Amino acid sequence: MIKHGATTIWELWNGNTADPLMNSGNHVMLLGDFLPWIFCDVAGIREGLPGFERIVLRPHFVFDSVECSHRSPRGRIASSWTKNGDGTIRWTVEIPPGTPACAELPASAVVVSQETGATVAGAETFQSPEGDLVRITLPPGSSAFEIRTKARNPNP
């Protein structure tokens, strides 16, 4: 895009060959849609309340790995994950002291605490535009989890 004189991210990745009527040059380079997508959607770091008075982590595991952190007014928030070859995901989070936090993950996932080896029980399942999610309370400090998809019964 830059090689073709762009000063913003094109709406279409093939903007230089696409129909000009289908392409917008109004997407702010680097700071517009891209960085919030990485922080909020891929790493999943979201404000549950303004100023991160409450933290919601809802990552989307779309890459092989992600490492992301944010210095909030309450302290460092971090979310990093790596997909393993066996289909499991190792997810590490960091929550500032005294800050309520939760993870919202697909209800079809089994979440295992790496510290205890025990399955983390979801306190609440709820419907979202992304499907059924389970909400898990996260303690302050660093925590590590293994996430894997529950096996689905082929004969319901």
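**Strand pairing and aromatic rings in a predicted model**

Student: What makes strand 4 and strand 8 a pair, and in which sense do they run?

Tutor: Three bridges join strand 4 to strand 8 (residues 101-106), and the two run parallel. At least two bridges are required for a pair, so the three bridges between these strands meet the condition. One of the contacts can be named: valine 56 has cysteine 102 in strand 8 as its bridge partner. Please keep in mind that this is a predicted model.

Student: How do you know that strand 3 and strand 4 pair, and in which sense?

Tutor: Four bridges are found between strand 3 and strand 4, and the pairing is antiparallel. Since two bridges would suffice, the four bridges here satisfy the rule. Arginine 46 stands opposite valine 56 in strand 4. The hairpin of these two strands has four residues between them, and glycine 51 in this hairpin takes a positive phi near 70 degrees.

Student: Which sheet do these strands belong to, and why are strand 3 and strand 10 said to stand at the edges?

Tutor: Five strands in the order 3-4-8-11-10 form an open sheet with mixed pairing. Strand 3 (45-49) and strand 10 (124-128) each have a single partner strand, so one side of each is left without a neighbour in the sheet. On average, neighbouring strands of this sheet are turned by 35 degrees against each other, direction ignored.

Student: How many helices and strands does the chain have, and in what order do they come?

Tutor: There are one helix and 12 strands. Read from the N terminus, the elements run β-β-α-β-β-β-β-β-β-β-β-β-β.

Student: What makes strand 5, strand 6 and strand 7 partners of one another?

Tutor: Strand 5 and strand 6 are antiparallel and share eight bridges, while six bridges join strand 6 to strand 7, also antiparallel. Each count meets the requirement of at least two bridges, and therefore both are pairs. Serine 65 stands opposite threonine 82 in strand 6, and serine 79 stands opposite valine 93 in strand 7. Two residues lie between strand 5 and strand 6 in their hairpin. The hairpin of strand 6 and strand 7 has five residues between the strands, with glycine 87 at a positive phi near 95 degrees.

Student: How many aromatic pairs are there, and why is the pair of phenylalanine 61 and tryptophan 81 called edge-to-face?

Tutor: The count is four aromatic pairs. For phenylalanine 61 and tryptophan 81, the distance is 5.0 Å centre to centre and the angle between the planes is 80 degrees. Centres within 6.5 Å make a pair, and planes over 60 degrees apart count as edge-to-face, so both values fit the term. Phenylalanine 61 lies in the loop between strand 4 (54-57) and strand 5 (65-72), and tryptophan 81 in strand 6 (residues 75-83), so the pair ties together parts that are 20 residues apart in sequence.

Student: What makes the rings of phenylalanine 61 and tryptophan 91 a pair, and of which kind?

Tutor: Their centres are 6.4 Å apart, which is within the limit of 6.5 Å. Their planes stand at 80 degrees, over the limit of 60, so this pair is edge-to-face. It links distant parts of the chain: phenylalanine 61 in the loop between strand 4 and strand 5, and tryptophan 91 in strand 7 (residues 89-95), 30 residues apart. Ring pairs also gather Phe61, Trp81, Trp91 and Phe145 into a cluster.

Student: Are phenylalanine 61, tryptophan 81 and tryptophan 91 buried or exposed, and how do you know?

Tutor: The limit for a buried residue is under 20% relative accessible area. Phenylalanine 61 has 17%, tryptophan 81 has 1% and tryptophan 91 has 0%. Each value is under the limit, so these residues count as buried.

Student: Which residues touch the most other members of the largest nonpolar core?

Tutor: This core has 26 residues, of which Leu57, Trp91, Leu105, Leu138 and Ile147 touch the most other members. Strand 7 gives the most to the core, with four residues. Leaving aside residues up to four places away in sequence, the contacts of tryptophan 91 include Leu57, Leu105, Ser143 and Ile147.

Student: Where is serine 143, and why is it called buried?

Tutor: Serine 143 is in strand 12 (residues 141-149). Its relative accessible area is 7%, under the limit of 20%, and therefore it is buried.

How values were computed
Residues are numbered from 1 along each chain as its sequence is written. This is a predicted model: local features need pLDDT of at least 70, side-chain atom pairs count only at pLDDT 80 or more; totals for chains, interfaces and linings use all residues. Side-chain values use heavy atoms; hydrogens and water are left out. Rings of Phe, Tyr and Trp (its six-membered ring) pair if their centres lie within 6.5 Å; planes under 30 degrees apart count as stacked, over 60 as edge-to-face and the rest as tilted. Buried means under 20% relative accessible area, exposed over 50%, partly exposed in between (1.4 Å probe, protein chains only). Axes are lines fitted to C-alpha atoms, for helices over the stretch in contact, and angles run from 0 to 180 degrees between N-to-C directions. A nonpolar core is a set of buried Ala, Val, Leu, Ile, Met, Phe, Trp, Tyr and Cys residues joined through side-chain atoms within 4.5 Å. Contact means heavy atoms within 4.5 Å.
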